[in-house]
Amino acid sequence: MKYDKNSYKQVVNEYTPKNKMLRNCVYAFIFGGAICLLGEVIKNIFMNNFGTPEQDASTISSVVLIAITALLTGLGWFDKLSKIAGAGTAVPITGFANAVVSPALEFKREGFILGTASNIFKLAGPVLLFGYFASFIVGILSLMFK
Amino acid sequence: MNYVMSFVVGGIICVLGQIVIDTFKKNNAYLLVLLVVTGTFLGYFGIYDKIIEIGHSGATVPLLGFGHALAEGAVEEAAAKGFMGALSGGVKKTAPGVAAALIFGYIVSIVFNPKGNK
C-alpha cells in the first residue's frame, strides 16, 4: 500500500492519541457531570418531598443510580453509553454497578449458582477487597492517632 | 447552584479518571480500585469532606465518595467500639450500595439475557 503526503497525514492523525484523549476527556466531563447532576436531583427530590435527612437521601440517590445502571446494563444500553462516555460512566457509582451486573449477566449461561452468583464479584471483588482493606487500615489509624 | 457545582466537580473527577485510563491503558478494574482506595485516604485526612462541601453529589456519586464513606464509617465506629468498629464500620456504611448492586444485578441477570459483544 502506498501513501502520498496527505493520506499519510490522515493516517497519522487517525492514530494520534492526544486528540483522542482530549475528546475522551470532554465526553467524560459531560457524561460524568450529568450523572452526578442526576444524583443531586434524586437526592433533592427525597430531601424536599419526603423530608429525608441529607445523609440518607445521599445513600438513596446512590441506590437509585445503581438500580438504573442495572436496568440499562440488562437492556444492553449501558455498554453503548460507556463506549462514548468512557470514564464518565466508569468513575461514578454507575461504574461499580455495571462491574457487578455485567459479569452476572454474562455468566448466566453457566447457571445461576456457578455462573451468575459466583461471577457476580468478578470485577467488583477487587474494589471491595481493597476498599474494605483500606477502610480497616484507616479505622486502625484513627484508633492510634486520636 | 448545587446543581452546577455537582456537574462541574463530578465532571472534573471523571476527567481525572479518563486521564488515568488513557495514560495507563489498564482494565477499568484498576481504575475503580485506585478510586476507592484514594477516596478512603482522602476521607481519612479530611480532604474529601471539603470537596463534598463544594461539590455535593459531584463528590459523593463518584467512587471516590464510596471510599470516603468507607473511611467515615470506619473512623466513627472505631471511636465507638474500638478494634471491632474499625473492622465493621466501613462495611456497614457502604452496605446499602453493595447490597443494592448485588440484588438488582441478580434480578437483572434473571430477567435479561446477555446481548453479546457488539
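Visitor: How far apart are the end C-alpha atoms of residues 94-112 of chain B?
Guide: This is a predicted model: local features need pLDDT of at least 70, side-chain atom pairs count only at pLDDT 80 or more, and totals for chains, interfaces and linings use all residues. Residues are numbered from 1 along each chain, while chains are lettered from A and ligands numbered from 1, in the order written. The span is 95% helix and 0% strand, where helices (H or I, at least four residues) and strands (E, at least two) are DSSP runs numbered from the N terminus. The end C-alpha atoms of residues 94-112 of chain B are separated by 27 Å.

Visitor: Which residues of chain B does the UniProt annotation "transmembrane region" cover?
Guide: The entry is unreviewed, and such annotations may be inferred rather than shown by experiment. Residues 29-47 of chain B are 89% helix and 0% strand, with end C-alpha atoms 24 Å apart. From the record, the annotation covers residues 6-24, 29-47 and 94-112.

Visitor: What percentage of the residues of chain B count as buried?
Guide: Chain B has six helices and zero strands. Its C-alpha trace spans about 50 × 35 × 30 Å along the principal axes. Buried means 20 or more other C-beta atoms within 10 Å of the residue's own, exposed means 12 or fewer, and partly exposed lies in between, with C-beta atoms placed from the backbone. Of the 118 residues of chain B, the buried share is 53%.

Visitor: Does Ile52(B) count as buried, exposed or partly exposed, and why?
Guide: Ile52(B) lies in helix H3 (residues 47-55) of chain B. Ile52(B) touches Ala59(B) and Thr60(B), leaving out residues up to four places away in sequence; contact means C-beta atoms, placed from the backbone, within 7 Å. Because Ile52(B) has 18 C-beta neighbours inside 10 Å, its class is partly exposed.

Visitor: What is the radius of gyration of chain A?
Guide: Chain A comes to eight helices and zero strands. The globule rule (2.2 Å times the number of residues to the power 0.38) gives 15 Å for 146 residues, and chain A is well over that, so it is more spread out than a compact globule. Its C-alpha atoms fill a box of roughly 65 × 40 × 40 Å along the principal axes. The radius of gyration, taken over C-alpha atoms, is 21 Å.

Visitor: How far apart are the end C-alpha atoms of H3(A)?
Guide: Gly76(A), with a positive phi near 85 degrees, follows H3(A). The expected span is 1.5 Å times one less than the number of residues. For the 22 residues of H3(A) that gives 32 Å, which agrees with the end-to-end value of 31 Å.

Visitor: How many charged residues are on the side of chain A that touches chain B?
Guide: The contact takes 64 residues from chain A and 65 residues from chain B. Helices H2 (17-50) and H3 (54-75) are among the elements giving two or more residues to the chain A side. By class, that side has 41 nonpolar and 19 polar residues; its charged residues number four.

Visitor: Which element gives the most residues to the largest nonpolar core?
Guide: A nonpolar core is a set of buried Ala, Val, Leu, Ile, Met, Phe, Trp, Tyr and Cys residues joined through C-beta atoms within 7 Å. The largest has 71 residues, and those touching the most other members include Ala28(A), Phe96(A) and Leu32(B). With ten residues, the top contributor is H2(A).

Notes: Contact = placed C-beta atoms within 7 Å. Nonpolar A, V, L, I, M, F, W, Y, C, P; charged D, E, K, R; others polar.
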